[in-house]
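Take a first look at the chain below. The paragraphs that follow lead from the overall picture to its inner spaces, its cores and a few single residues.

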Amino acid sequence: MDMTAAATDTTDTAGAGTVPVGTGHTTIVTPLQSSNEAPAAAAIGSQSESSEEEDYLDNSIELRGYLSKWTNYIYGWQPRYIVLKDGTLSYYKSESESDLGCRGAISLAKATIKAHESDELRFDVVVNNLNNWCLRAETSEDRMHWVEVLQLYKEDTGSTDTTSLRRHGSTMSLQSNTISLASGGSLKKTQRNLREKVGELETFKDILYGQIDTLQRYFDACSELNKSNTQPLDLGDGLKPIDFKGESITFRATTSGVLTTLQHCLGIISENDESWKRKLEREIDKRRRSEELNKKLKDEMEKMKRLSYPGPDFEEGPHSTLPEDEFFDAVETGLEKIEEDMQLRFKLRLQSQISQTLVNVPHEAVAEGEEAREEFGTGAEAKNHALWSEIDRVCKEQLHHAREGVGQDGNGWQIFADEGEIKMYKREEEVNGMVMDPLKAYHSVNGVTAREMCHYFFMPEFRNDWETTLEDCTILEKISADTLLFLQTHKRIWPASQRDAQFWSHMRKITDGLEPGARDCWVVCNNSTEYAKQESKNGKCVRIFLTVILACQTHLPDDYVKGQPLNRDDLTCKITYCSVVNPGGWAPASALRAVYKREYPKFLKRFTGYVIDQCKDKPIMF
């Protein structure tokens, strides 16, 4: 089948043209008439012109258009200009760059075209399972058209492919070579003995042939004698009448020699039979072990390939084929790498602080700013905002949940981390198949106040110091000094999709319901909101929905006398952290829970340790 289309938009050739199919991102160019089906007017001209026309049509583009091509796990699907010409599928970044050389090409002669089983827009072009192009069309009709044309073109080119006829060797000769190499010296001796016996058989064969020839002449002469009955018996060559008794004795001896030689050959073979059996068993065992090792190595290579060269089948999504344990392993590896990078940055920052004088904002300076006003922590400046009723309600609800013990609501809290002063509980809950396990954690640290702990949790300028996965934090609106609206983007950790969250954050001082012995109580409450909704910065993030509260109380020693000077050794901060997070996307439930179990205790230790380190040489802030 001759499929032709215009090579460029500016070329107008009889019998060739373009017909766009579909709209939007993908443009399909359908195959038009072949040169022998063109109108008669196209054939007018000289013979040379006709020859040039045929050459042009043979080399013209059969199919072209835009498809989405999987690039890598960072950039994902990207539009690419795809061209089918001369049995080769090529791609360019755009149509305008098609004259500058392709970015990649693949031959259809050895390719396999496969429509994806679950993604109705995707199809793959694979060569030897090594070179894999993952492509997506705009519509399922476009995909069907591309697959049909590529399959048809492959069949046409494959029918003339003779490469498969050039690779068949002699099976027998290969086997013979293998046997010769495997048998060693014992086989050479056996072959020599067998060659000797075969030579003896050849000699016996010649003797038998001579006897048969003699008998045949004798019987022919007898037949002629019976006819004439007048001539004496003449066997020719001066032979005299046959001595049948002597001939029979000779024949018997010859045949006996043949049988003896054959028995000797069978004896030689049987002597080596047990040896061959043992060698065969050893070879079978070696082959079995080799196949097992090969399968194990192949599985390891496939696993490494998935992690090193991730494709669209292994990233988080509805069609992901990555097993849950490998999903967790990959996420865990990514988180460890991020944590290592953060520790390195922290060490460099410490070295920088030692080598030069830094400008740090003391707590007294902060107290003279917006946080020093009496209104800070009361929400007075935010009460006229459209979100205030929601902020006030959610803060009160979350404070109530934080004050409830894990055994009071009867909802079956399960402890999943018990590390000294840190105790973490969860309830396993899923909504529409999505993990939304509520979390409650208790912690107690010395040397800081409740306000200091909430101050570093609330203020955006410190967030990058203790939040390892944070990529970008943007203040969308400053509602008041104690209430901010954030858009927070987290780093991409393969194979999980990148995520972001839009939420308001409110810091509040609590004056009622304090525990006995508590000097003060501060909370920070974060809650997702659709108010003034902002899209993801790169347009590809999965949106997280969260509700979080950090409730902190400052406790002083039982023997403390009011008005007595305080130092940091007198301070104890009791922390309650509660969260409910809907991660969105398609992450496996078991992998998510494994990540939570691993990361939440590390987060709480890292954050509280950071606050202690920041406050140890600064005045106390209540």
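How many helices and how many strands make up the secondary structure of the chain? There are 11 helices and 21 strands. The chain has 622 residues, and 39% of them count as buried. Take the contacts with a separation of 6 or more. Residues 24 or more positions apart account for 63% of these.

This is a predicted model. The average pLDDT of the chain is 75. A score of at least 70 is reached by 69% of the residues. Two stretches call for caution. Over residues 1–60 the pLDDT is below 50. Beyond near neighbours in sequence, that stretch has 102 contacts in the model. Residues 353–368 also have a pLDDT below 50. There the model shows 16 contacts beyond near neighbours in sequence.

Now turn to the empty spaces inside. Rolling a probe the size of a water molecule over the atoms shows where empty space is left. The count comes to four cavities of 30 Å³ or more. The largest has a volume of about 990 Å³. Its lining is made up of 36 residues. Which of them lie nearest the centre of the largest cavity? They are Glu-467, Thr-469, His-490, Ile-544 and Tyr-596.

Several elements share in this lining. At least two residues each come from helix 6 (324–355), helix 10 (463–466), strand 16 (483–490), strand 17 (499–510), strand 20 (545–555), strand 21 (572–582) and helix 11 (589–615). Helix 11 gives the most, with eight residues. By class, the lining of the largest cavity has 21 nonpolar, eight polar and seven charged residues.

The second largest cavity has a volume of about 70 Å³. It is lined by Phe-416, Lys-426, Asp-437, Pro-438, Leu-439, Arg-593, Tyr-596, Lys-597 and Tyr-600. Which element supplies the largest share of this lining? It is helix 11, with four residues. Five residues of the lining of the second largest cavity are nonpolar and four are charged, with no polar ones. Tyr-596 appears here among the lining residues, and Tyr-596 is also one of those nearest the centre of the largest cavity.

Next come the nonpolar cores. In soluble globular proteins, nonpolar side chains tend to be buried together. The largest nonpolar core here holds 46 residues. Met-453, Phe-457, Tyr-577 and Phe-607 touch the most other members. Helix 11 gives the most to this core, with nine residues. Look at Phe-607. Leaving aside neighbours within four places in sequence, Phe-607 is in contact with Met-453, Tyr-456, Phe-457, Trp-466 and Leu-550. Another core lies apart from the largest one. It has 21 residues, including Leu-84, Ile-106, Val-127 and Tyr-153.

Why is helix 9 described as largely enclosed by the rest of the structure? Helix 9 covers residues 450–458, and nine of its nine residues are buried, so the rest of the structure largely encloses it. The buried residues of helix 9 include Met-453, Tyr-456 and Phe-457, which are also contacts of Phe-607. Arg-451, Glu-452 and His-455 are buried in helix 9 as well.

Back to helix 11, where Arg-606 has its place. Not counting residues up to four places away in sequence, Arg-606 touches Glu-339, Trp-466 and Thr-468. Arg-606 and Asp-465 are 141 residues apart in sequence, yet 9.9 Å apart in space, C-alpha to C-alpha.

Finally, visit three loop residues. Asp-86 is in the loop between strand 4 (77–85) and strand 5 (88–92). Asp-86 is not a glycine, but its phi is positive, near 55°. Is Asp-86 buried or partly exposed? Its relative accessibility is 43%, so Asp-86 counts as partly exposed.

Ala-532 sits in the loop between strand 18 (518–528) and strand 19 (542–543). Ala-532 also has a positive phi, about 50°, although it is not a glycine. With 43% relative accessibility, Ala-532 counts as partly exposed.

Tyr-560 belongs to the loop between strand 20 and strand 21. At 24% relative accessibility, Tyr-560 counts as partly exposed. Tyr-560 and Asp-570 are 10 residues apart in sequence and 8.5 Å apart in space, C-alpha to C-alpha.

Notes: Residues are numbered from 1 along each chain as its sequence is written. This is a predicted model: local features need pLDDT of at least 70, side-chain atom pairs count only at pLDDT 80 or more; totals for chains, interfaces and linings use all residues. Side-chain values use heavy atoms; hydrogens and water are left out. pLDDT is the predictor's confidence in each residue, from 0 to 100. Contact means heavy atoms within 4.5 Å. On a 1 Å grid over the protein atoms alone, a cavity is a set of points where a 1.4 Å probe fits but cannot get out, and a pocket is an open set with protein on both sides within 12 Å along at least five of seven lines; lining residues have an atom within 4 Å of a point. Grid points are joined across faces, edges and corners, and a volume is the space filled by probe spheres set on the points. Ala, Val, Leu, Ile, Met, Phe, Trp, Tyr, Cys and Pro count as nonpolar, Asp, Glu, Lys and Arg as charged, and the others, Gly among them, as polar. A nonpolar core is a set of buried Ala, Val, Leu, Ile, Met, Phe, Trp, Tyr and Cys residues joined through side-chain atoms within 4.5 Å. Buried means under 20% relative accessible area, exposed over 50%, partly exposed in between (1.4 Å probe, protein chains only).
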